[in-house]
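Work through the exercises below with the structure open beside you. Try each task before you read its solution.

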Amino acid sequence: PFPLVTEYCDIVSGFGRGSAELGVPTANVPIEQLPKSINDLDLGVYFGFAHIRAVDSEEASVETRQEGRTVTYSYGQYLSEANGDLDVLPMVLSVGKNPFYGNDFKTMELHVLHDFKNDFYGAKVKFNILGHIRPELNYTTKEALIKDINIDIKIAQTVLATPSYQAYKRQL
Ligand code: ADP
Ligand code: MG
């Protein structure tokens with residue numbers, strides 16, 4: 001069914017386990033903002049590209065102290081200064097019920113293959129899905145889960161770097 005593509009979606013808070021427990025932060029997107037074709041996908045791990053867009057909203061502002069004085073940024077300005085120019089980046093998508101954690105509702109979470117300097121809650125993300133890596137598995141240990149997540153990341157990195165997949169960056 002690939003490629004599948006979304007519109008810009010919100011990035012919402014999950015349980016905060018991604019970075020804290022697994023060392024792999026995942027940007028969670030609300031499933032009700034996704035097309036049916038994506039919501040109909042089997043639980044599992046997929047790969048594609050994502051574009052993160054800062055939202056320049058007036059209400060959302062961030063205060064930081066620089067050289068002894070308080071500077072107020074709009075959230076969008078803050079985000080791009082903190083993270084640099086946000087390009088179209090490779091990502092791994094988990095469509096899951098996270099059986100390891102005993103959840104019974106579905107989550108859609110993107111791990112972007114980029115070392116961000118700051119969180120980007122409140123930003124928007126648009127992504128495409130270009131392929132399937134594996135079904136969701138029920139791990140008995142956290143270590144086995146982390147090991148497979150790292151294999152997923154290697155597969156996505158390798159495949160997305162090839163010219164035939166690079167062409168799909170232009171879709172976003
Ligand atoms: P939550 O449960 O709230 O999703 P996580 O521990 O999964 O918490 O962290 C997700 C947040 O981390 C994202 O919403 C984003 O703001 C930030 N983040 C930082 N680096 C990345 C990355 N490489 N990929 C995805 N999210 C990242
Ligand atoms: Mg997450």
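Two exercises follow, on a predicted model.

**Exercise 1. Describe the shell around ligand 1: which residues come nearest, which elements supply it, and how do its residues divide by type?**

Solution.

Step 1. Start with the count. The ligand has 21 residues around it. Gly14, Gly18, Ser19, Pro25 and Asp119 come nearest.

Step 2. Turn to the elements. Helix H1 (17-22), strand S3 (27-29) and strand S8 (107-112) each give the shell at least two residues. The largest share comes from H1, with four residues.

Step 3. Sort the shell by type. Ten residues are nonpolar, nine are polar and two are charged.

**Exercise 2. Place strand S4 in the structure: how many of its ten residues are buried, and which strands does S4 pair with?**

Solution.

Step 1. Check burial. A residue is buried if 20 or more other C-beta atoms lie within 10 Å of its own. In S4 (residues 44-53), seven of the ten residues are buried, so the strand is largely enclosed by the rest of the structure.

Step 2. Take strand S7 (residues 88-96). S4 and S7 are antiparallel and share eight bridges. Find Ala50: its bridge partner in S7 is Leu89.

Step 3. Take strand S10 (residues 131-135). S10 runs antiparallel to S4, and four bridges join them. Here Phe47 has Gly131 as its bridge partner.

Step 4. Take strand S9 (residues 124-129). S9 and S4 also pair in the antiparallel sense, over four bridges. Look for His51, which stands opposite Lys126 in S9.

How values were computed:
Residues numbered from 1 in each chain as written. Chains lettered and ligands numbered in written order. Predicted model: local features only at pLDDT ≥ 70, side-chain atom pairs only at ≥ 80, totals over all residues. Near = placed C-beta within 6 Å. Nonpolar A, V, L, I, M, F, W, Y, C, P; charged D, E, K, R; others polar. Buried ≥ 20, exposed ≤ 12 C-beta atoms within 10 Å, placed from the backbone. Pairing = 2+ DSSP bridges.
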